[in-house]
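Dear colleague,

I am handing over to you the structure that follows, with its sequence, so that you can look through it at your own pace. Below it I have set out what was found, and I would be glad if you read the notes with the structure open beside them.

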Amino acid sequence: MQIYHDQTDINQKKYFNQANFIDYRTQPRAYKKYPHFYQRFNLDDYEELKFIKNFGKITATKTYGKEKVDLRANPSAGGLYPCEIYIQIRAVKGFISGIYHYEALENNLTLIHELSNDGVEFYFKEKVQRKFVILISNAYFRSVWKYEKRAIRYLLLDTGHQLGSIISALELTDLEYEIDFNFDKNSLNEEFSFDNYESFYTSITVKSDKTNEPKKLRSPIINISACDYQLKELFVENFYKDCQKDEYEKIPNINLLNDIQNEQLENAINNRRSIRAFINESISEEDFLFITKNIFDFANKFGIEIYFVNNNIQGISKGLYKNVSLIKQGDFKDKMTNLALNQKLSGQSSFTLIFTSKVGHNYFYCYILTGFIAHILYLRATTLNLNCSGIGAYFDDSCKDFLETKNNIFYLFAIGK
Ligand SMILES: Cc1cc2nc3c(=O)[nH]c(=O)nc-3n(C[C@H](O)[C@H](O)[C@H](O)COP(=O)(O)O)c2cc1C
């Protein structure tokens with residue numbers, strides 16, 4: 001996977017030579033919509049399914065000139081929203097057991113396949129019935145349109161944030177869930193007739209009391225284009241294909257949000273936003289410890305090494321930390337701004353985390369989990385009314401030099417006031 005990572009780096013030369021113009025009128029549509037004659041169900045009408053709204057509902061609207069832009073519960077690089085969500089539902093009273101497509105903008109589920117003795121569980125290692133199977137796919141052209149080859153990284157990060165949104169929604173219920181990366185994505189992509197323009201990246205499954213073994217989907221699912229127009233980018237398709245060789249463990253018992261009361265968590269889901277400029281004030285050590293609670297351990301367990309720069313946390317030495325150990329003392333505000341392609345967010349935060357991972361270590365899954373962890377940070381910081389932003393644009397080589405590491409740099413994440 002290293003060649004893909006190396007080919008999508010940003011260095012000073014590329015940065016200064018790139019053409020910056022992008023014609024926003026050509027942006028592909030950022031949501032998929034099945035034809036009007038498909039059956040739709042509004043989530044507000046089904047108490048047991050209301051939690052699904054939090055996967056990606058509209059939580060704010062911004063106006064740029066004449067353009068109105070809907071912002072969702074999940075963040076997205078460039079606000080391009082490449083992820084789509086499908087959810088297989090079984091045994092919910094008054095609801096047809098079937099595979100549904102989630103329509104974020106309309107708050108609907110669209111029925112795309114009615115279940116008989118079949119089910120998507122057939123494509124998983126453990127072929128037993130689940131109450132819910134939630135599948136996240138990406139329509140890659142939405143991101144490639146703006147970011148070209150570097151989109152491979154943002155697709156993975158966006159997937160992780162989407163995963164975080166779904167898990168925060170599940171945390172508000174009593175459902176027992178786990179992240180399961182290990183399903184036969186290629187076969188399922190075929191069953192959904194995606195034709196490589198869209199592909200599955202990960203899933204979350206929710207336990208059922210039943211132990212029946214579902215059969216292969218009895219008919220292929222009709223596909224419609226996820227964008228209003230799309231171009232092939234073989235670099236992304238080949239990257240995805242190569243990544244499918246990796247396997248990863250299932251992740252149950254995620255304890256990163258369960259110290260937060262439901263009401264507070266719901267408020268955080270509704271109010272999470274990316275900050276555009278910090279006012280450059282400090283935060284307390286207590287707030288820092290609350291936001292990052294269990295985060296370093298969780299990341300390390302999956303081979304993600306987190307560094308952070310303390311720009312402005314009271315009571316802790318300013319400098320560069322690896323996990324929680326100080327490795328370089330000093331004021332690195334200007335340095336951090338520079339590393340993030342001169343974005344002030346990175347230097348004016350109270351602290352900016354830098355997610356890294358060892359070369360050759362489960363690239364696809366570690367990158368998704370990086371986005372997932374960052375999403376947890378968004379929510380934890382929001383419960384304290386603190387602000388944050390993901391930063392996907394940074395100088396790869398300069399970051400590595402500053403950290404004195406050979407690790408790949410995956411993501412920067414700024415938190416502050
Ligand atoms: C993977 C990723 C990378 C991002 N990179 C940047 C960045 O480099 N600079 C920035 O200002 N915002 C960045 N953002 C924030 C997005 O612009 C923001 O999520 C999007 O506009 C939607 O706004 P919201 O998060 O407030 O809902 C990034 C977000 C994600 C998920």
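A residue is called exposed when its relative accessible area is over 50%, and buried when that area is under 20%. Please keep in mind throughout that this is a predicted model.

With that cut-off in hand, G315 can be placed: its relative accessible area is 76%, and therefore G315 is exposed. This glycine sits in the loop that runs between β10 (304–310) and β11 (319–322). If you compare its position with that of I368, you will find the two 53 residues apart in sequence, while their C-alpha atoms are 33 Å apart in space.

Two helices come next. Helix α4, which covers residues 151–171, has 21 residues, and the distance from its first C-alpha to its last is 30 Å, close to the 30 Å expected at 1.5 Å a residue. Because 21 of the 21 residues of α4 are buried, this helix is largely enclosed by the rest of the structure. Helix α12, residues 363–383, also has 21 residues, which should span 30 Å at 1.5 Å a residue, and the 31 Å between its end C-alpha atoms agrees with this. In α12, too, 21 of the 21 residues are buried, so the rest of the structure largely encloses it. Just after α12 comes N385, which takes a positive phi of about 60 degrees.

The ligand has 21 residues around it, and the closest of these are R272, R273, S274, Q343 and G392. Looking at individual contacts, a polar side-chain atom of R273 lies 2.7 Å from an oxygen atom of the ligand. On the nitrogen side, a backbone N or O atom of G392 is 2.9 Å from a nitrogen atom of the ligand, and a polar backbone atom of G390 is 3.3 Å from a ligand nitrogen atom.

Finally, there is the second largest pocket, which holds about 260 Å³ of space. Its lining is made up of 15 residues, with N186, N189, N196, S199 and Y240 lying nearest the centre. The elements that contribute two or more residues to this lining are α5 (185–191), β9 (198–207) and α6 (234–243), and the largest share, four residues, comes from α6. By character, the lining residues of this pocket divide into five nonpolar, five polar and five charged.

With kind regards

Note on methods:
Residues numbered from 1 in each chain as written. Predicted model: local features only at pLDDT ≥ 70, side-chain atom pairs only at ≥ 80, totals over all residues. Heavy atoms only, no water. Buried < 20%, exposed > 50% of the residue type's maximum accessible area, 1.4 Å probe, protein only. 1 Å grid on protein atoms, 1.4 Å probe; cavity = no way out; pocket = protein on both sides within 12 Å on 5 of 7 lines; lining within 4 Å. Points joined across faces, edges and corners; volume = space filled by probe spheres on them. Nonpolar A, V, L, I, M, F, W, Y, C, P; charged D, E, K, R; others polar. Expected span 1.5 Å × (residues − 1). Near = heavy atom within 4 Å. Polar contact = N/O pair within 3.5 Å; in protein donor to acceptor, adjacent residues only side chain to side chain.
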